[in-house]
Amino acid sequence: MSTSRGFTLIEALVAAAVLGLGILSVNTLAMHSLNAGAASHQQITALALASNALECWRSGPTLCPASAALGAGVDSLSTLSGTTYTVRSGVTPTAYAQLQAIQVSVSWQPASNNTGNSHDNPMATGSGQLIISTRASSVPVFVSSTNP
Amino acid sequence: MHSTLGDFKRQQGAITLLMVTLLVLLASMVGLFTARGVWTERLASNHSLWNAQAKYTAEAALETALTLMDSALSDPANTLWTSHEPGQCAPGLTGIEWQCRSLSLDAAWDMQGHTVQVRVMRDVVRAPHVALVLAEARHTANHAAAQVQQSLYMPTIAPIGVANKAAPLVTQGCVSEAVVGSTRFCAPNANQGSCGGSGYNVGTAIHSLFAPDADGNGLISLAEQQACLNVSASSLQGGGGVMPSTALPTPNTAQCDSAVWRTVFGATTPAQIQAISQAQALKGLSANTSPARSVYWIDSPNEWSQSLGSASAPVLLVFSATACASQCPRISPSTKIVGTVFLDTQCQDSRAALWHSGTVMGQVALASGLPSLQGGSQLQWLANHRQAFDWPWPSGIDAQRVQRVRGSWKSGS
C-alpha cells in the first residue's frame, strides 16, 4: 500500500516536470514566433512607409505637400502599433544634370510607454533599419494638349 | 479481482504520465504549426522587401537609361541605333523588324548587390521613333528579380505634316520632255482609276516650286509658266502645273536649300532618313522579307533596276547627293516603284537631265528642275505614297526631344 503511494508521488513529480518543460518550450517558441511576427510586421510597415515617401516625392508638391520636406532630408516620425518609425529621405545629384539619386531610410524602435499606443503590440520590441535607393530622371511624359 | 485492482493502481502513474506527455505533444504541435506560420510570414515579408529593392533598383536603371538616351540623342552623330544585338530582343519581339541592343550604365552607382541589365528595342519599319526600354535587376543570393519598362518618343525622325503638294511630280524648276509626247504624268483623279483618258484625271500633274522670271517684272506670267512647263498636252494627263505666281530667288546651287525636301519630308532631315535606311539594312530587311524594307537611301550612281513597293506597302527611295554627284541614277524603263522617289540634285538641273523614271506610282520629287525627261517615263499619283515614312506621332508633340509615352510604364517580377 505504502509502495503504491510512493509511486504516485514520484509519478506526479515526473509528470509535473514533463509538463513544466513542455510548457516552457512551447512558451519560448510562442514568444519567438510572436517576436518574429512583430519583426515582419515592422519590416512590412517600414517598406510601406518608404514606398509612400518615394511616391510622395515623385508626385511633387502639388499632389503631395510633404514631398518638399522629404526632399530636404527632414525626418518624419510616426508611431504605429507600438513602434516608432523614422523616415528620412535624401536627394543627391548625379553625374547627369537630369538624373537624381534618391535614398529613403526607415528606422524603427519600440515606442516608449508614454508615447503612442505601445499597448497595441507588446511584442514590438525589436528595432531595425530599411534603406531603399532609386533614381529619377527629368525626361518628361508627353501629355497631349487635347487630353483632359 | 483484487489482483486486477492492484494492477490498475500500479498503472495510474503511467497513465498520468502518458496523458501529460500527450498534452505536451499536443501543445508542442500547436506551437510548431504556429511557428511555421510565422516563419512563412517572415519569409514572405523578406521576399517582399527583396523584391521591392529589386524593383527600385530596376527603376533606377530605367531612369538612368532614359537620361543616357536623352543625352545621346541630342547629338546628331550618336551611335545609339547603329548596331543590333540579336540576343537582346525581349520575348515576343523577335521579328526581323525589331532592332535591339543593350545599354551600358555608369559604373559609379551602388546597385546594392543587384545585377542590372538594360535593353532598348524599336521597330525600324513601323515606328523607328519609339523605343521600348526594358530594365531588369536581379539579386542572386536573395532570389529576387524585377523588371520595369517604359516606351519613349525619340527625335530620330520628325513629323512630316500634312501633304500639300498632291502631284506625282514636284520640282524646284522647269520640266521638259526629251521627246515630245513620250512621257506621261497622271494627276490625282477622283475615281482612283488607271492613268489615262481624256478628262478622266483631275488635279495637278506637276507642281513646281520655282519658275524663272524671264521678263524680270516680279511676277510669273502664264507665258512664263508654259515656257517652264514644256510638256505636251498628251503627256500631261490632268493638265497643268502649279507655279508660284510671284518670282522667287533662283535656287542657290552652291548651298542648296531644298524647299522640295521640306515639302515632302517636313522637318525630317536627310541624315535621319539615311539612319533609318541603314537600320533597316542592318536588320536584313529587303523587298522579300516580312515586313518588307520600306526606306532605301541610295549612294550608288548605278541605274536602279529593282521594282519595289505595292499599293498597300509603298517604299521611299532617296537618291542622295552622293548618288547624284554628277547625274542622278536613272530608274530603268521596266522598273516599277510604288511610293516616293526623291532626287537630291542639289538645286542643279543638269544632275537630273535625261533622267528616266521608269514607272513610279506615287510621287517623284527633286531639288531642281527636270529637263529632258526620257521617253517611257510614267509618273502616276498614289494618295498613300508617304506611308513608308509617315510614322505616327501624337498631335502637338515637340518631336525634337525625348519624351516618355504616357501610360507605357510597366513592372513585373
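## Strand pairing in chain A

In this predicted model, residue A:Q103 lies opposite A:S133, a residue of strand 4 of chain A. Strand 3 of chain A, residues 99-110, is joined to strand 4 of chain A by 10 bridges, and the two run in the antiparallel sense.

The wider arrangement is an open sheet of four strands in chain A, ordered 1-2-3-4, with antiparallel pairing. Strand 1 (76-80) and strand 4 (128-137) of chain A form the edges, each pairing on one side only. Between neighbouring strands of this sheet the average turn is 20°, direction ignored.

## Confidence in chain A

Chain A has a mean pLDDT of 79, and 78% of its residues reach 70 or more. Within chain A, confidence is highest in strand 4, at 91, and lowest in helix 2 (residues 67-71), at a mean of 64. The edge strand 4 of the sheet is therefore the element of chain A with the highest confidence, although where pLDDT is low, the predicted coordinates should not be read in detail.

One stretch calls for particular attention in this respect. Over residues 114-120 of chain A, pLDDT stays under 50, and the model has 12 contacts beyond four places in sequence for this stretch. Low pLDDT is a reason not to read predicted coordinates in detail.

## Contact between chains A and B

The contact between the two chains draws 45 residues from chain B and 39 residues from chain A. On the side of chain B that touches chain A, helix 1 (2-73) and strand 18 (403-404) of chain B each contribute at least two residues. Helix 1 of chain B provides the largest share of that side, 31 residues.

By residue class, the side of chain B that touches chain A comprises 17 nonpolar, 17 polar and 11 charged residues.

## Domains of chain B

The domain assignment divides chain B into domain 1, made of residues 68-157 together with 397-412, and domain 2, residues 169-388. Taken over C-alpha atoms, the centres of domain 1 and domain 2 of chain B are 38 Å apart.

These domains of chain B meet through 11 residues of domain 1 and 14 residues of domain 2. Of the residues on the side of domain 1 of chain B that touches domain 2 of chain B, seven are nonpolar, three are polar and one is charged.

Definitions and conventions
Residues numbered from 1 in each chain as written. Chains lettered and ligands numbered in written order. Predicted model: local features only at pLDDT ≥ 70, side-chain atom pairs only at ≥ 80, totals over all residues. Domains from an automatic or database assignment. Contact = placed C-beta atoms within 7 Å. Nonpolar A, V, L, I, M, F, W, Y, C, P; charged D, E, K, R; others polar. Pairing = 2+ DSSP bridges. Axes fitted to C-alpha atoms, helices over the stretch in contact; angles between N-to-C directions. pLDDT = per-residue confidence, 0-100.
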